[in-house]
Every structure is written in structure tokens, then in C-alpha cells.
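Subject: Structure handover

Hello,

Here is the structure I promised to pass on. Please open it first, then read my notes below.

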Amino acid sequence: MRIGVLGGGSWGTALAKLLCECDHEVSLWVHSADVCAAILATGENRVYLPGFTLPAALRVTNDMEEAVHGAEMVLCVSPSHVVREVMSSAARAIPPGVPVVSASKGVEEGTLKRMSEVIAEALGRPDVARVAVLSGPSFAREVAAGMPTAVTAAAVDQALAELVQKVFSGPTFRVYTSTDLIGVELGGAAKNVIAIAAGVSDGLGFGSSSRAALITRGLVEMTRLAVAL
């Protein structure tokens, strides 16, 4: 499958590398012209993912339309605060039927909308039916190194979730599916808050009991929020 990846940070670069290794035809759009030039010169994203040689087949570009031209799937991996801007710029080059997968965690500042909602609006689509989400406990360097990782592909349409599962699955990258788009997106965003709080707890010198209590109650709060929404 031909896939356009929008976002050349650590996570976007790691996922582009993964997709290439799954034998897809991948184009990676990098916002910074300097970073793009450096990747093309060295075969490595030394700014955001140093130490990993990228596949020779990976096309790296600073031209957004070039990255998504002819794509059968588009992956958005931009920081949450620029997702609307990036996807609005890419919208004119993405045909209406092409599925978009969000790997951007967070909620939009001001509107508090989830990334799937932001993407659907930026593309001028009436709903999130053709937008999926890829989320899970994953770290870019570990995925790039081929360490075993499990994530969830979520979409309102089960068939779309299964398509994303098929596209991203590899020997060390396990993808589960879900139709709970809201829960998966909120879980991916809210868990970061709990993780920061756990780090604060450790920094204050508190022990495992404090951390366990914080994580457990954090999960309860996340569940209540997801159910309410």
C-alpha cells in the first residue's frame, strides 16, 4: 500500500520505518527543510531519532503534496497543537475516500476536541467515519529497534480498524482493534497526565504504594471520563 506519513518527529519517523519494513511504499513529510535535508544526506533522523538507519526505500520530502500524492492511506503524526493546521494544508491533496489514521495524542487546546474530530473537520468531512486512531503504550526508539510492542487501532467502522491492523502488523508490532474511538483517544491523552503525576510522586520520594494508588485511581478517572463522553 502507498502511505503518506505527515510528521517527521521521533514517532512519525519510527512508524515510517516500521511501515517500510512491512513492505509498504512510504513517503515521510518533514516540516523542517533543514531536518529533511539532513535525513536525505545521512539516511538517519539525527535530530529526532538518532542511531537508526532508515530504509533506503523510504521517500523523505519537505513537500506535503508530494508526500500524500497517490496515497491509499495517510498517517498523521504531527504534534496535537498543529494537527488542524497540517491536515488543513494536506486536505486538498487527499482524495475523499482515502482513510486517515491519527497517531497524534492529545486534545485540541481551546476546543477540547479529539484528534479524530479535528482531522475530520480539517478535511471537510461530516464525521469521523474514515478516520482511525493508532494508540498504545509505545516508545519510538523501541519500535524503531524492533522491540515487541502492542497497540490498538480504533475506528467507528470495524472494517477500517481491521484495515489499519493489517497495514501496521509486523513480527514485533501487534495491533489490536476496537470500535471505541472515544475511549482509545481519551486513554492515550489522559494517561500522559497520570504518567507525569507518577513521575512527580517518584520525585518527591514516595514509594510503590503511592505510585500504585495514583495509577489505579487515575484509571478510574479515565474510565469515568470516557463513559461520560
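A disulfide is a pair of cysteine sulfur atoms within 2.5 Å. Keep that cut-off in mind for the cysteines. Note also that this is a predicted model.

**Cysteines**

How many disulfides does a search of the whole structure find? The count is 0. Cys-36 is in no disulfide. The nearest cysteine sulfur to that of Cys-36 belongs to Cys-20, 14 Å away. Cys-76 has its closest cysteine sulfur in Cys-36, at 18 Å. That is too far for a bond, because a disulfide needs the two sulfurs within 2.5 Å.

Are Cys-36 and Cys-76 buried or exposed? Cys-36 is buried, with a relative accessible area of 5%. Cys-76 is also buried, at 0% relative accessibility.

**Strands 1 to 3**

Start at strand 1, residues 2-6. Strand 1 runs parallel to strand 2 (residues 25-29), and 5 bridges join them. One pair to look for is Gly-4 with its bridge partner Ser-27 in strand 2. Helix 1 (residues 10-21) belongs with these two strands: strand 1, helix 1 and strand 2 make a right-handed β-α-β unit.

Strand 2 is mostly covered. Of its 5 residues, 4 are buried. Strand 2 also pairs with strand 3 (residues 59-61), in the parallel sense, over 3 bridges. Here Trp-29 stands opposite Thr-61 in strand 3. Another right-handed β-α-β unit is made by strand 2, helix 2 (residues 33-42) and strand 3.

**Strands 6 to 8**

Now go further along the chain. Strand 6 (131-135) pairs with strand 7 (residues 149-154) in the antiparallel sense, over 3 bridges. Ser-135 stands opposite Thr-152 in strand 7.

Strand 7 has a parallel pairing too. Its partner there is strand 8 (residues 173-178), over 6 bridges. Ala-150 has Arg-174 in strand 8 as its bridge partner. Strand 7, helix 7 (residues 158-168) and strand 8 make a right-handed β-α-β unit.

**The cavity**

The structure holds 1 cavity of 30 Å³ or more. Its volume is about 60 Å³. Which elements give two or more residues to its lining? They are strand 6 and helix 8 (181-203). Strand 6 gives the most, with 3 residues. Among the lining residues are Val-133, Leu-134 and Ser-135. Val-184 and Glu-185 line the cavity as well. So do Lys-105 and Met-115. By class, the lining divides into 5 nonpolar, 4 polar and 2 charged residues.

**The largest pocket**

The largest pocket has a volume of about 730 Å³. Its lining takes in 29 residues. Nearest its centre lie Gly-9, Trp-11, Val-77, Ser-78 and Pro-79. Helix 1 and helix 4 (83-91) are the elements that give two or more residues to this lining. The lining has 13 nonpolar, 13 polar and 3 charged residues.

**Loops**

Most residues other than glycine have a negative phi. Two loop residues here have a positive one.

- Asp-23 has a positive phi of about 70°, although it is not a glycine. Asp-23 lies in the loop between helix 1 and strand 2. Asp-23 is exposed, with a relative accessible area of 71%.
- Leu-112 has a positive phi near 60°, and is not a glycine either. Leu-112 sits in the loop between strand 5 (100-102) and helix 5 (115-123). Leu-112 is exposed, with a relative accessible area of 64%.

Ala-57 is another loop residue to find. Ala-57 is in the loop between helix 2 and strand 3. Why does Ala-57 count as exposed? Because its relative accessibility is 56%, and exposed means over 50%. The C-alpha atoms of Ala-57 and Met-115 are separated by 29 Å. Along the chain, Ala-57 and Met-115 are 58 residues apart. Met-115 is one of the residues that line the cavity.

**Where to look**

Check the cavity lining from strand 6 and helix 8. Then turn to the largest pocket and its lining from helix 1 and helix 4.

Best wishes

Key:
Residues are numbered from 1 along each chain as its sequence is written. This is a predicted model: local features need pLDDT of at least 70, side-chain atom pairs count only at pLDDT 80 or more; totals for chains, interfaces and linings use all residues. Side-chain values use heavy atoms; hydrogens and water are left out. On a 1 Å grid over the protein atoms alone, a cavity is a set of points where a 1.4 Å probe fits but cannot get out, and a pocket is an open set with protein on both sides within 12 Å along at least five of seven lines; lining residues have an atom within 4 Å of a point. Grid points are joined across faces, edges and corners, and a volume is the space filled by probe spheres set on the points. Ala, Val, Leu, Ile, Met, Phe, Trp, Tyr, Cys and Pro count as nonpolar, Asp, Glu, Lys and Arg as charged, and the others, Gly among them, as polar. Two strands pair if DSSP finds at least two bridges between them. A crossover is right-handed if, with the strands pointing away from the viewer, the path from the first strand over the helix to the second runs clockwise. Buried means under 20% relative accessible area, exposed over 50%, partly exposed in between (1.4 Å probe, protein chains only).
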